[in-house]
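User: I am new to this structure and would like to understand how it is put together. Please take me through it in questions and answers.

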Amino acid sequence: MSALYLRNRGFEDIPVGEFHVFGSHTFSELEMVEFATRYAPTPEFMDPEAARQLRWGGLVATPWHLCAMWMRKMVDYMEVYAQGVNDGRRNGAGVAILELDWLEPVRPGHTLTYTYEIVSKSDKVVRDRWGIIRSRNEAFNQYGNKVMSFEIDILAERNH
Amino acid sequence: MPEARALESPAITLDEQSIIDFAQLFDPQPYHLDRAAADASIFGGLCASGWQVGALASRLTGEALVDAGISYITTTRVNHMRWLRPTFVDDQLVAQVSFGGSVQGSPVPDCDSLDVSVVLKDAQDQAVAEMTCRVAVAKGETA
């Protein structure tokens, strides 16, 4: 009998209700500015001096930066807990996002902690091979306030 | 009923370096980093992280709104977003933006909200992603 590692589990092996706290990240001013320069080039997000006079009273992270970091923390978590697999990833391709809300500004030095919970599995079979897993994902800041939440549908390879 | 006004953003091209740069920082999986591994993957070629596509969709949406004289500040909510096909190296993306309703207030200070539907298209006019979202615009400037 071989162990089932997180990353090489098939669709059937992943239980609804599974919950993980899978990573934390402290956002620096520099990385916020670099992300904004490419993806949201407005003063609120990329100019720390100008942002002090603007609507948030200081620089804030762009919304998609919080999502991008979610992805990075998820990949890191899966890599760490997937020993024994050369490249056995059996899931990961995203299909859709639902109800993505950005709730509070994230400022330089803020630390987000990311969680996910498997909320449902679809009966639909994609291309005779893949099932669809829906997870609820949340990010909390260092005060314990929720700053982002969304659900995402991800393909997972079926065993049968 | 007047037809809803649809806007088109400027185009942006995703080159290999920008796909790999994003992937190294945020989505270090083989199909976003390495051509050979990507060819053998579910996507069939080196392609951008879906989160990079999402970030660009919002950027282009903002540019289309600003070009139309609407002072877009940021996106506050994505009701639904669907990735329809991979974005490969050197694909050129454009956002087509149409208006839904507007709402008083926003999580962003001194802003109101505007609901928009966005279709992100490649140079062959194929839809790459679609999303419905709520954006914040400076007060007094909703459509």
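User: How many of the twelve residues of β5(A) are buried?

Analyst: The model is a predicted one. A residue counts as buried when its relative accessible area is under 20%. By that criterion β5(A) is mostly covered, and the number of its buried residues is eleven.

User: Which residue in β5(A) is the bridge partner of A:Glu138?

Analyst: β4(A) and β5(A) pair in the antiparallel sense over eleven bridges. The two strands form a hairpin with five residues between them, and A:Gly144 in the turn has a positive phi of about 85 degrees. Within β5(A), the bridge partner of A:Glu138 is A:Ser149.

User: Which element gives the largest share of the largest nonpolar core?

Analyst: The largest nonpolar core has 76 residues, and those with the most contacts inside it include A:Trp64, A:Trp70 and B:Trp51. Leaving aside residues up to four places away in sequence, A:Trp70 touches A:Tyr114, A:Met148 and B:Trp51, among others. Eleven residues of this core, its largest share, come from α4(A).

User: Of which class, nonpolar, polar or charged, are 28 residues in the lining of the largest pocket?

Analyst: The largest pocket holds about 1,000 Å³ of space. Of the 50 residues that line the pocket, those closest to its centre include A:Gly92, A:Val95 and A:Leu155. Elements that give two or more residues to the lining include β5 (146–157) of chain A and α4 (50–67) of chain B. Eleven lining residues are polar and eleven are charged, while the class with 28 is nonpolar.

Conventions
Residues are numbered from 1 along each chain as its sequence is written. Chains are lettered from A and ligands numbered from 1 in the order in which they are written. This is a predicted model: local features need pLDDT of at least 70, side-chain atom pairs count only at pLDDT 80 or more; totals for chains, interfaces and linings use all residues. Side-chain values use heavy atoms; hydrogens and water are left out. On a 1 Å grid over the protein atoms alone, a cavity is a set of points where a 1.4 Å probe fits but cannot get out, and a pocket is an open set with protein on both sides within 12 Å along at least five of seven lines; lining residues have an atom within 4 Å of a point. Grid points are joined across faces, edges and corners, and a volume is the space filled by probe spheres set on the points. Helices (H or I, at least four residues) and strands (E, at least two) are DSSP runs, numbered from the N terminus. Ala, Val, Leu, Ile, Met, Phe, Trp, Tyr, Cys and Pro count as nonpolar, Asp, Glu, Lys and Arg as charged, and the others, Gly among them, as polar. Buried means under 20% relative accessible area, exposed over 50%, partly exposed in between (1.4 Å probe, protein chains only). Two strands pair if DSSP finds at least two bridges between them. A nonpolar core is a set of buried Ala, Val, Leu, Ile, Met, Phe, Trp, Tyr and Cys residues joined through side-chain atoms within 4.5 Å. Contact means heavy atoms within 4.5 Å.
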